[in-house]
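Colleague: Could you take a close look at a single part of this predicted model, and set out with care what surrounds it and what it touches?

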Amino acid sequence: MLLRIEPRPEVSRPFTCATPAIAMLLTVASGWLLFLALGLAPGETLYQFLVSPLLTLNGLAELGVKAAPLVLIGVGLAIGFRANVWNIGAEGQLTIGAIAAGWVALAFWGQEGLWILPAMCVAGMLGGLAYAAIPAFLKTRFDVNEILTSLMLTYVANLVLSVLVFGPWKDPDGFNFPQTKLFSESAILPILVEGTRLHLGALVALGVAVAAWLLLSRTVVGFQIEVVGQAPAAARFAGFSGKRTVWLTMLLGGALAGLAGTFEAAGPIGQLIPKLTPGYGFTAIIVAFLGRLHPLGIVVAALVMALSYIGGENAQVTASLPQAATGVFQGMLLFYLLASDFLVRYRVRLLAAERKLVTAS
Amino acid sequence: MVQHKGAGAARLELRGITKRFGSLTANDAVSFAVAPGEIHALLGENGAGKSTLVKGIYGLLQPDEGEILWDGQVVHPANPQEARRLGIGMVFQHFSLFEALTVVENIALGMERGTDRKALAGRIAEVSRAYGLPLDPHREVHALSVGERQRVEIVRCLLQSPKLLIMDEPTSVLTPQEADRLFETLRRLAREGCSILYISHKLQEIKALCSRATILRGGRVVGSCDPAVETARSMAQMMIGAELKSLARRKSKPRAEPRLTIDDLNLPADGPFGVALKGVSFEVGAGEIFGIAGVAGNGQNELTQALGGERQIWPGKAVRIDGRSVGHLNAERRRLVGLCGVPEERNGHAAVPDMSLAANALLSARNRTGLARGGIIRRQAAHGFAERVIREFGVKARGAEAAARSLSGGNLQKYVVGREVLQTPDILVVAQPTWGVDAGAAATIHQALFNLAQNGAAIVVISQDLEELLAITDRLAVMNEGRLSRALETTDATIEEIGLLMGGAHGAPVETTAQQGSIQNVA
Amino acid sequence: MIDTFVLVIATVVAAATPLLLAATGELVVERAGVLNLGVEGMMLIGAVTGFAVTIASGHASLGIPAAALAGAATALVFAVLTLTLMANQVATGLALTIFGIGLSALMGASYVGTPVAPLPKLHLPGLSDLAVVGPLLFGHDALVYLSVALTIAVAWFLKHSHAGLVLRAVGESAESAHSIGHPVIAVRYLACLFGGAMAGLGGAFLSLSYTPMWMEGMTAGRGWIALALVVFGAWRPWRVLAGAYLFGGVTILELHVQGANGIGLPPQVFSMAPYLATVAVLTVISAGKWRGRLNAPASLGKPFRPSV
């Protein structure tokens, strides 16, 4: 029996929605095999990974805590990816955003005021935006590949943070640990559910996702982003400027990453430390793709990824599974997603069957 | 079944070749034969299945059914290497050359592996001298003219002493003079015993060159004839299938006030392979259709972009609409002052392939027809506008939500032209309006342009199809290396005159007289 | 003074070698028209595999080929996804890096802190003992020589061999190469596998010679710098070689300036040097308008699927 692969005349809608599910199933199946190979009980470990975090209030709240930055960054990246702008330095923009917000928090340390938190958010967004402006400028002015520059700047950003927390911003009463003072009360995000770490940032992230969805689906700017990404020549024909779109999407992505950094510093961490995130800036790339670059899809994808983080931590404790397993799962998920996307654009036909049809008719 | 008269074993014989792509049958039981030394035309409209058929002969596609006989033996060339070993050479319509590689490297790629490149360079020089196809083996291809590139392809075939040479629409990129030189080479090859399968839809060429023609329509052989005894008209009828409507030439109108004025337009080249526009000037009056002819790659794309606003021009007075300077405006703002355009490339330029027709309506019609207000998209309005274009231009599509990619070339072309025409622009700039479009769609598009002109719009048509320009324009001018010739009244213009203008500063005619005067005399 | 000079040069060579291996591999991949952004991931997989096999077998001579194989196997995943399943090359490359970082950390978890004997330096009696020239030219380990030899081999292959010509043709125009009968997809598969093997070797050099141990994420962005080097080298092997050594120099500068640092700048500031240098160099190269662009393979990153 022969297979024939043909491009579909139009992208398949059902498959577009089904592939994330297919990819997740394949990832779970691969996880089963991986755990077997590692000598762990697959069922038990998968249960720890995927189910047990959902059984407690605290687990659910943690899901929100970890999903919030992923949603913020993922939405920003997805808007860029739609325009074919490959900002992969969100981790760096997040770091600079957190530094800017931390600067505000430390400058007004001990002071009271409802304005401090908003000021931190503005500073954080400006920080991330300014840092994303560097690759945007280099790309639009000199045509420098933004993938490489934004990534290189991530390493630099982490070193800047390290300079600060090991040096001038180190808490003098911190037993020489590389960390700043704990932020004061008015620089900490309010908690939504008493007794958990779920903070206001989660709601903001949800609001941002909805706003981004409206932007992309209902406005000319959203249409412009889409056209620039899919057909640059058609964009020029339409009167849309490619460079302005690069600026717009990069700055937006940077600001949202900066906001995510602010929320991390002012939320679950409450200070600046050398390693602010377990790589949210990179995981958000997977989130963006898994969510089909659609803001609402990204909310779901971020929850899935958050689950993998919490599950990873659980499995680390109960099954002494290395934390790196989370990264393997995330990478695998993206592979499977990219692979199953084939079905969205191509259709596979059984040639033998087709022949029969032809002769029959 | 088409029998070839006279000769014994045919060089090439096809028996019942069928090739399907999904539900489309590109070739349907095609049979014909080519004798040794014969120049055999394969005639048909765009989409008649000519290219698919020869790809099967050259081993690029595998026919689903049927037999290929080579000197009486059944063969199944699985890839081009095997076809070349049999003695089949092919020159592609869109050349299969590599810009960044030298001539000798390009040719080595078409030979068996392990050819010594030094020795090859010598043989290239030899063959190109022998056939009057001058070539420098060590130049990189991107530095060559279109005519020279075609020579590279031909020399590549000749080096393998082919017994059958397939030429796919070889003159579509040549000036009439360059085409004449090509015909000489082909006649000479035929005299030496090489068969030539010549694919074209240009009737005059086939009459001049070929001793036999097989006519394809909708994937089937619909006839076979001797082009020398047929008229162009009778062959066209076989090709198109219906009785040919006489193309009535438009009567020139008295000149009105110019609506579009291009005044000393200069534009630097965009990138290493671009063409700079140098001092382009012309005027188009209300109700006038102005044609711009020329061989591809002489600045037509740049001119389309400069007129449509994809590239802005400072000072803006180089482009004026009703006296108002608009050169500095981008495409969106030029549309608002009444200038709409249709670029040459449908997919990815005039339309976004993966977006719906309704979304594609937003691309260029969002402001003039109110499909978006205050930055917010009005989806219903966009949908409605797309449906109106589909209805009024007879676009065959699933509806306004069908992806642009799912439409056939002709239907998408009707859609993108219709989208601009229904915005009732004051000025319409349209490039290659009927490129790759069937006769019916071409008639619809031409009619729409006539109607628009009738209502007082000024229209610029940029096309490589001289017959089209001669049929629909009032005046025309020729582009060559970024310069525009003086405008000719279409009724007074002759093909020869236009051809000379197209050749312009190409240098080819000069070379010809210097190196092969005898051949030129024959022509 | 001379001793210091020799020492500095030796460390430059060591710092340059992993970059050279990975960049030369990626150069071949890109000349075939494929953009594999997963170099960092492939290097890490190579590093951990080379390390693990060396520990398990006791022979680096087994560890090094294993690293190359592992790199190639990782590249195979990329090739299947992008060449057969037509996935987006940029996204797949990023996925490969994320996956490689995770998988290498998982594989290497039990090796953290395990020491391994560094690759032996080659010792040629007589030659290696020469003053200055000896240690400069004849005192490195086998992978250093291999990296230079492979770069020369790649340069020759691309310029003079028929297969190299086909590979360049495929990278210039997949459609044209296909239409005259060259197996585009097969060529691209082979190029990807070669690129993966070279990245694997680069990783093995890190874990077996440069810092003879395994550490999570020990490549520290070198895979990305290798990608930048290919652009810097304008897709030419010799210029990539020069670039790798230049960047090796920048990395080493950091160590030595740091040692002699009188101004009291924090050490991290010097660690930024290679990353900032990469950004600066990319900017200078890209700003040199069309020159570099002309060398870029014309169909780089564009998917190709022959019609059947």
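**A loop residue and the helix after it**

Modeller: C:A220 is partly exposed, because 16 other C-beta atoms lie within 10 Å (20 or more within 10 Å of its own would make a residue buried, 12 or fewer exposed, and partly exposed is in between, with C-beta atoms placed from the backbone). This is a predicted model, in which local features need pLDDT of at least 70 and side-chain atom pairs count only at pLDDT 80 or more, whereas totals for chains, interfaces and linings use all residues. Residues are numbered from 1 along each chain as its sequence is written, while chains are lettered from A and ligands numbered from 1 in the order in which they are written.

Although C:A220 is not a glycine, its phi is positive, at about 50°, and the residue sits in the loop that joins α9 (184-210) to α10 of chain C (helices being DSSP runs of H or I with at least four residues, numbered from the N terminus). Helix α10 of chain C, residues 222-232, packs against helix α6 of chain A, residues 146-166, at an angle of about 145° and with the axes 10 Å apart; axes are lines fitted to C-alpha atoms over the stretch in contact, and angles between N-to-C directions run from 0 to 180 degrees. On the α6(A) side the contact is made by A:L148, A:L151 and A:M152, and on the α10(C) side by C:W224, C:L227 and C:A228, contact requiring C-beta atoms, placed from the backbone, within 7 Å.

Note on methods: Helix = DSSP H or I, 4+ residues; strand = E, 2+ residues; numbered from the N terminus. Contact = placed C-beta atoms within 7 Å.
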